[in-house]
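Thank you all for coming. Please take a moment with the sequence and the model on the screen, and then I will walk through what we can read from them.

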Amino acid sequence: MPSGRQGGRPAMNLEEQQELDRQVQKYALETGEDFEIYDYGETYDNLADDLEETRDDLNDETFGGIQGDEGTDFDFARNTRQIAPALKKEEELYIKQNDAGPRRSSFASLWENDGSSQQDSFKMGLPEPSQAASSIWGSFGNTAGKGMDMGGAGFVHDPVFGVGTFLRPSTFGNGHQSLEEVEAQLLRTARGQPQRVSMQQHHQGDRKMMSLEEVEAALMNINGGRPIYSEAMLAEQQAKIALLEKRRAAREAKQAETAKHNGLMTQGDKDFINRIQISQLVTDDPYADDFYCQVYTAIRNRHLQQMGIPGSMMEPESNDGNRRRGGNGRTEQRMQQQVQRIVSDAKRNPKRTNVTVEGALGKIAVNSVLNPRQLLQVSKRGTNDSSGGNSPKPPSPGPVSTKSHTVLGWIENVYTYVLALEQKRRQQPPPPRMGEEEIAGEAIRRWNEEYGILAQKMWNELRITVPIGIVHPHPFISILNYSKGKKVIPRVLRHLLPEQTLTLLTMLVANFESLNVCKSEVYADVQGNQEIELFMNTIVPPLLGFVSEAPFRIVVGLLALFIERNNMIWVARSKPGLAFLTLFLSRAEILKQGQGNYPIPDDREINQWNELYNRLFSQLQTHFSALFMPKATMAEDVHVWRFLAAMAVGATVEQQHVLVTEVREQVLENVIAAQTTRMAPEKAAQKISNVNLFLHALGLDASQVSVPAM
Amino acid sequence: MLFYSFFKTLVGQPVTVELKNDLAITGVLVSVDQFLNIKLDNIKVVDEGRYPHMLAVKNCFIRGSVVRYVQLPAASVDTALLQDAARRERQQPAAGVRK
């Protein structure tokens with residue numbers, strides 16, 4: 001009999017496994033849940049299948065039937081009893097994991113059932129499902145309740161079979177059946193009387209001869225016949241709970257899985273790895289290797305501070321140690337030192353891209369961030385031509401080519417020196433402390449020298465000193481004709497001496513006509529307008545700052561040069577040109593009135609100025625209204641009004657009269673436009689204030705303008 | 001180092017990383033290293049319908065070599081500074097050789 005059962009087990013296992021799989025698939029289809037990920041099949045190792053299951057009659061001797069002096073070391077039974085609730089929970093969990101179908105939460109609940117009606121249900125013949133199901137188990141269950149808390153499997157001592165019957169819990173794993181199956185079952189029971197009879201015969205006659213698989217087959221038949229409708233709701237709920245439980249269990253299992261690796265690495269190991277990582281990222285010169293991040297952070301922090309937000313956006317991680325804030329400075333400092341050592345170590349080693357070890361089959365690559373593997377092989381020949389133009393050489397007084405790549409090369413060189421100068425500024429030695437004047441003085445002197453050399457190189461590269469007339473356009477103007485060149489000017493001006501700035505301004509004014517931005521916006525395309533905008537934003541403001549501090553003599557000189565060398569009608573129609581004219585006029589007016597710290601210019605200078613002004617006025621006469629944009633463009637014209645105001649302030653009465661007559665139409669137009677209701681209030685106010693710029697200079701106001709009835 | 005330096009400034013910004021397998025992941029940049037490996041948090045796959053298995057993923061680590069593009073928030077990129085950084089980068093090895 002034992003041999004028969006053992007022979008039958010594998011087949012049963014297979015069958016029941018298939019059944020289980022089918023159930024799971026069905027359930028998966030119903031719920032749309034993917035059970036693949038919950039497959040913990042591997043955690044069950046089937047070791048129990050190989051256990052010797054019979055001959056347990058000596059168990060008492062083995063497992064503490066004798067209550068003696070063997071101590072409690074081997075008293076597993078008591079320990080088990082102590083943690084019985086936990087085990088029970090675990091068992092429930094296990095069932096839920098392995099079983100997709102809705103069912104009882106544990107075996108224990110089965111055993112709690114009253115199994116008294118077992119025989120009746122068998123004899124009744126008609127499927128009486130839940131009752132029958134429990135009764136089957138009830139037939140085992142009379143005496144074996146205590147065996148069920150033993151963890152995942154029930155060790156059943158059955159009075160009927162007389163032997164220990166080891167049941168895997170998955171034996172129970174055939175939840176409810178589909179409707180088809182139920183129908184088939186009903187059909188079978190309806191016409192299949194012989195089957196039932198034979199079953200009864202089994203039960204009644206050959207009870208002793210019934211093997212396990214027969215019992216299980218019977219169980220499945222009867223279980224299968226169970227109607228499911230009454231339990232559907234409950235089942236669903238249980239399934240939900242089971243699912244949650246399963247997830248929790250899966251998570252815990254995962255945690256337990258990884259927990260065994262806890263403490264595998266010591267802190268020292270971790271530090272070592274950290275240092276390797278950091279040594280790749282930290283450099284001794286953050287402004288060289290981490291330029292973008294450093295400067296970006298600095299700029300952002302400045303912005304934030306201006307906005308009143310004190311905190312820093314982020315701490316640049318590779319800053320000098322002494323600039324660090326307090327806090328855990330000690331550890332950071334130590335870390336810094338270690339990293340410093342690693343970095344310097346790496347520097348001492350010659351930079352090789354790979355190492356070939358004697359007898360080795362391959363090469364060991366020792367690439368680093370600073371020394372990456374070269375993927376592109378650019379031929380040297382292609383770079384030679386441009387590098388010829390790029391190499392910084394002093395501008396020759398001879399004919400200078402103004403081909404685009406040459407000019408772009410100059411601009412790049414200017415950038416190079418600007419960057420170098422800015423770098424120098426950052427490394428400016430601190431002001432000398434007490435007692436260290438000599439050392440600090442030396443450092444400062446050297447720094448000044450180096451700075452001066454760089455500034456001179458940059459100055460040369462701008463080619464401002466190339467005499468006018470050798471090439472057209474002038475090299476400096478060529479530089480300014482590129483947006484890149486325009487953008488660098490504000491940064492250049494920061495490093496120039498005042499007389500150099502004056503030279504730059506003089507050169508600009510003298511060659512103003514050849515600037516590509518010196519044309520009316522009407523004739524400029526979109527890109528041209530962008531260039532004009534850029535010029536107004538980059539070059540005009542710093543020069544405005546310079547002119548607004550210039551003495552009268554210089555302003556007169558600049559305006560004289562401006563009028564002398566350019567066609568005023570053309571220049572005045574461009575926005576930048578008008579801006580410069582306004583600049584000179586208003587500055588001169590301020591100085592004439594004796595504002596600021598400068599002395600009031602003497603009569604000779606005033607006469608000079610008046611002469612200049614008259615020349616300008618006579619050149620522009622009859623063209624004042626042409627300074628305005630055509631109406632169709634809807635362009636901003638505030639700069640024109642500003643210029644007219646600057647003109648009006650210095651004008652004689654006759655000149656003012658001329659001015660008013662010429663732009664009368666524009667004034668009226670604006671006032672009328674502002675008074676009609678079709679315009680937004682802000683825009684109307686803007687128009688009025690524009691007109692007032694001019695009218696106030698004449699001592700008038702827009703409200704005095706009477707709109708003629710047309 | 002330029003790219004590493006650049007991406008470092010984007011930490012905390014939302015970016016979209018397009019991978020070479022056409023997966024595009026939007027998330028907050030947590031960290032980046034010298035290999036341009038990227039850590040993202042609060043991720044969302046751009047085409048969720050195609051990659052439903054990514055729905056449950058909340059954060060990820062992306063190996064730098066599988067990244068095709070990174071879409072950046074334009075406001076947090078200083079292009080002028082980036083140009084300067086590129087210039088400096090170009091000068092750097094040359095300066096080393098000259099010395």
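**Strands, helices and charged pairs**

Let me begin in chain B, where strand S2 (residues 24-32) and strand S3 (residues 38-45) run antiparallel and are joined by six bridges. By strand I mean a DSSP run of E of at least two residues, while a helix is a DSSP run of H or I of at least four, and both are numbered from the N terminus. Two strands are said to pair if DSSP finds at least two bridges between them.

Before going further, I should say that this is a predicted model, in which local features need pLDDT of at least 70 and side-chain atom pairs count only at pLDDT 80 or more, whereas totals for chains, interfaces and linings use all residues. Residues are numbered from 1 along each chain as its sequence is written, chains are lettered from A and ligands numbered from 1 in the order in which they are written, and side-chain values use heavy atoms, with hydrogens and water left out.

Coming back to the two strands, B:Val28 has B:Asp41 of S3(B) standing opposite. S2(B) and S3(B) make a hairpin with five residues between them, and in that turn B:Leu36 has a positive phi of about 60 degrees. On to the next pairing: S3(B) and S4(B) are antiparallel too, over three bridges, and B:Leu40 has B:Cys60, in S4(B), as its bridge partner.

Which order do the five strands of chain B take in their sheet? The sheet is open and antiparallel, and its order is S4-S3-S2-S1-S5. Strand S4 (60-62) and strand S5 (67-71) of chain B stand at the edges with a single partner strand each, and therefore one side of each is left without a neighbour in the sheet. From one strand to the next the twist averages 45 degrees, where axes are lines fitted to C-alpha atoms, for helices over the stretch in contact, and angles run from 0 to 180 degrees between N-to-C directions. As background, strands of a sheet pair through backbone hydrogen bonds, either parallel or antiparallel.

In full, chain B has two helices and five strands, and along the sequence these follow the pattern α-β-β-β-β-β-α. Chain A, by its side, has 30 helices and four strands.

How much of each chain is buried? Of the 710 residues of chain A the share is 38%, and of the 99 residues of chain B it is 40%, where buried means under 20% relative accessible area, exposed over 50%, and partly exposed in between, with a 1.4 Å probe and protein chains only. Taking contacts, meaning heavy atoms within 4.5 Å, between residues at least 6 apart in sequence, 70% of those in chain A join residues at least 24 apart; in chain B, residues 24 or more positions apart account for 47%.

Now to the charged side chains, of which we can say in general that those of opposite charge can pair when their charged atoms come close. A salt bridge here is a side-chain nitrogen of Lys or Arg within 4 Å of a carboxyl oxygen of Asp or Glu, and a search of the whole structure finds 18 over all chains.

In chain A, one of them joins A:Arg248 to A:Glu252, with the closest N and O atoms 2.7 Å apart. Both residues lie in helix H11 (residues 232-259) of chain A, four residues apart, which is about one turn of the helix. A:Arg248 is partly exposed, at a relative accessible area of 32%, and A:Glu252 is partly exposed as well, at 42%.

Another salt bridge joins A:Glu461 and A:Arg463, at 2.7 Å from N to O. Here A:Glu461 is buried, with a relative accessible area of 3%, and A:Arg463 counts as buried at 5%.

In chain B, B:Arg87 and B:Asp84 form a salt bridge whose closest N and O atoms are 3.1 Å apart, and both of these residues are buried. They lie three residues apart in helix H2 (residues 79-98) of chain B. B:Asp84 and B:Arg87 also belong to a network of salt bridges that links them with A:Glu412, A:Glu422, A:Lys484 and A:Arg491.

I will finish with A:Glu605, which lies in helix H27 (residues 603-620) of chain A. Which side chain of opposite charge is nearest to A:Glu605? That is A:Arg604, 5.2 Å away, and A:Glu605 is buried yet has no salt bridge; for charge, Lys and Arg count as positive and Asp and Glu as negative, while His and the chain ends are not counted. Leaving aside neighbours within four places in sequence, A:Glu605 is in contact with A:Phe552 and A:Arg553.
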